[in-house]
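Open the model in your viewer and keep the selection box at hand. We will go from the whole chain down to single strands and helices.

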Amino acid sequence: MKRVFLTAALVLLLFTGCATSKGNVYNVSLYKAVAPEDGVTYVVGHRNPDTDTVSTAIAYATLRSKLGFNTVAVIPGKLNKESQFVLDYFKVETPEILEDATGKNIILVDHADFQQAVPGMDKANIVEILDHHQPAGLSFENNLVYRSAPIGATATMLYNEFKVNHVSVDRKTAGLLAAAIMSDTNNLKKERTTEADRVYLAELCKKAGIQKPKKFFKMMKAEGRSLDGLTDEEILLTNYKEYEFSGHIVGIASVDNPDDDDTLWEFAERMDKALAAYASKTDAEHIFMKLDADGDEGQEDFTVFLYSGNGAEEVAKASFPAAQTVNGHIVCTPKLNRTNDVVPALKNTYEGMAK
Ligand SMILES: [Mn+2]
């Protein structure tokens with residue numbers, strides 16, 4: 001009987017990874033190894049922040065604070081409407097904006113790419129990265145903790161951090177993380193959604209008191225999609241990221257057609273102009289926008305692929321050879337996903353140009 005108990009205890013210990021009252025020894029050791037001698041460490045996500053990036057910055061600062069580390073969440077710029085809705089809904093205060101990362105101790109969440117980071121990040125002391133994207137040619141002088149996983153949301157990795165550290169997730173944090181998983185996976189419908197995203201989302205919804213996840217997701221999306229009061233440039237920047245492909249700096253925006261399809265082509269014209277105007281304000285050589293629209297009854301949803309910059313049209317056409325031309329615009333059916341379709345296709349085209 002005694003032996004059975006001992007074996008059970010040992011197995012439990014192995015699975016929990018040496019839990020202590022202060023959390024998991026292994027993880028806490030990692031945090032300690034990178035903790036700056038003094039001062040605060042800031043957690044920050046990518047520019048033009050989305051719900052995953054904001055929620056994970058807040059959640060990670062909460063977790064590390066509970067483990068005794070001086071960690072503060074900041075945001076890289078103004079929140080989009082969806083994220084603002086989520087923070088308001090769970091009564092979470094909006095973090096301060098970090099304008100310049102120079103000389104600061106930093107944890108990056110939801111990106112591993114200077115092109116998408118707060119200015120000055122190349123002169124910051126980056127101690128940790130937690131991300132679910134492909135790393136983009138970063139190199140560091142110092143050693144750091146770098147965790148990356150090919151899953152639906154950084155929020156899924158974050159919830160896992162709470163679990164392995166044996167820190168319970170409060171209602172607000174659970175709400176932020178649940179919303180983030182829904183947002184990044186389009187409520188578990190995106191291709192890169194994993195079993196972990198599914199299982200964790202269900203657990204988080206329970207903890208957050210979200211009884212009807214589908215209804216919550218719809219409400220969140222409706223708030224996010226509302227373009228009321230936004231300028232065309234703000235619409236463009238609602239979901240905009242910059243990348244570097246073979247030495248070319250490239251911006252990719254993603255927007256949903258806000259109204260019914262009658263106004264789609266008018267909206268596309270407006271966005272065309274917004275792209276051209278924004279092109280003069282950024283370092284990006286080419287800017288693209290995937291404008292997603294609903295198909296007619298029984299038809300597939302599609303993407304209108306807009307572009308701006310010298311040579312951008314050729315890149316767009318070479319990247320999507322199967323696209324059709326409708327009303328003078330490049331149209332891809334079924335609709336494109338930025339991570340799975342647009343980024344690899346453009347990357348490939350620029351690589352080909354470099355040869
Ligand atoms: Mn994300």
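A residue counts as buried here if 20 or more other C-beta atoms lie within 10 Å of its own. By that rule, buried residues make up 43% of the 355 residues in the protein. Keep in mind that this is a predicted model.

**Stop 1: the whole protein**

Show everything as a cartoon. You should find 12 helices and 13 strands. The C-alpha atoms fill a box of roughly 75 × 45 × 40 Å, taken along the principal axes. How does the radius of gyration compare with that of a compact globule? A compact globule of 355 residues would have a value near 20 Å, and the protein has 22 Å, which agrees. Now think about contacts between residues at least 6 apart in sequence: 64% of them join residues at least 24 apart.

**Stop 2: two domains**

Colour residues 20–219 as domain 1 and 232–354 as domain 2. Their C-alpha centres lie 28 Å apart. Where they touch, domain 1 gives 10 residues and domain 2 gives 12 residues. Look at the side of domain 1 that touches domain 2: by class, it has one nonpolar, five polar and four charged residues.

**Stop 3: strand E6 and its partners**

Select residues 125–131, which form strand E6. Six of its seven residues are buried, so E6 is largely enclosed by the rest of the structure. Add strand E5, residues 105–109. E5 and E6 pair in the parallel sense over five bridges. To see one of the bridges, pick Val109 and its partner in E6, Leu130. Next add strand E7, residues 145–148. E6 and E7 are also parallel, with four bridges. Here, pick Glu128 and its bridge partner in E7, Val145.

**Stop 4: a helix pair**

Select helix H5 (residues 154–164) and helix H6 (residues 171–185). They pack at an angle of about 145°, and their axes are 8 Å apart. Show the side chains at the contact. From H5 come Ala155, Thr156, Leu158 and Tyr159; from H6 come Leu177, Ala180 and Ile181. Sorted by class, this contact has six nonpolar residues, one polar residue and no charged ones.

**Stop 5: the six-stranded sheet**

Move on to strands E8 to E13. In which order do the six strands of this open sheet lie? The order is E8-E9-E10-E11-E13-E12, and the pairing is mixed. Strand E8 (240–245) and strand E12 (324–326) stand at the edges. Each has a single partner strand, so one side of each is left without a neighbour in the sheet. Turn the sheet and follow the twist, which averages 30° from one strand to the next.

Zoom in on E8 and strand E9, residues 248–256. This pair is antiparallel, with six bridges. Pick Tyr243 and find its bridge partner in E9, Val250. Now show side chains along a strand. In a regular strand the side chains alternate between the two faces of the sheet.

**Stop 6: helices on the sheet**

Which helices pack here? Start with helix H12, residues 338–354. H12 lies across E8, E9 and E10, and runs at about 155° to E9. End the tour by selecting E8 and E9 together once more, with their six antiparallel bridges. Then add helix H11, residues 312–319, which packs on the sheet. H11 touches strand E10 (286–293), strand E11 (302–308) and strand E13 (329–332). The direction of H11 makes about 150° with that of E11.

Methods
Residues numbered from 1 in each chain as written. Predicted model: local features only at pLDDT ≥ 70, side-chain atom pairs only at ≥ 80, totals over all residues. Pairing = 2+ DSSP bridges. Helix = DSSP H or I, 4+ residues; strand = E, 2+ residues; numbered from the N terminus. Axes fitted to C-alpha atoms, helices over the stretch in contact; angles between N-to-C directions. Contact = placed C-beta atoms within 7 Å. Buried ≥ 20, exposed ≤ 12 C-beta atoms within 10 Å, placed from the backbone. Rg over C-alpha atoms; globule rule 2.2 N^0.38 Å. Nonpolar A, V, L, I, M, F, W, Y, C, P; charged D, E, K, R; others polar. Domains from an automatic or database assignment.
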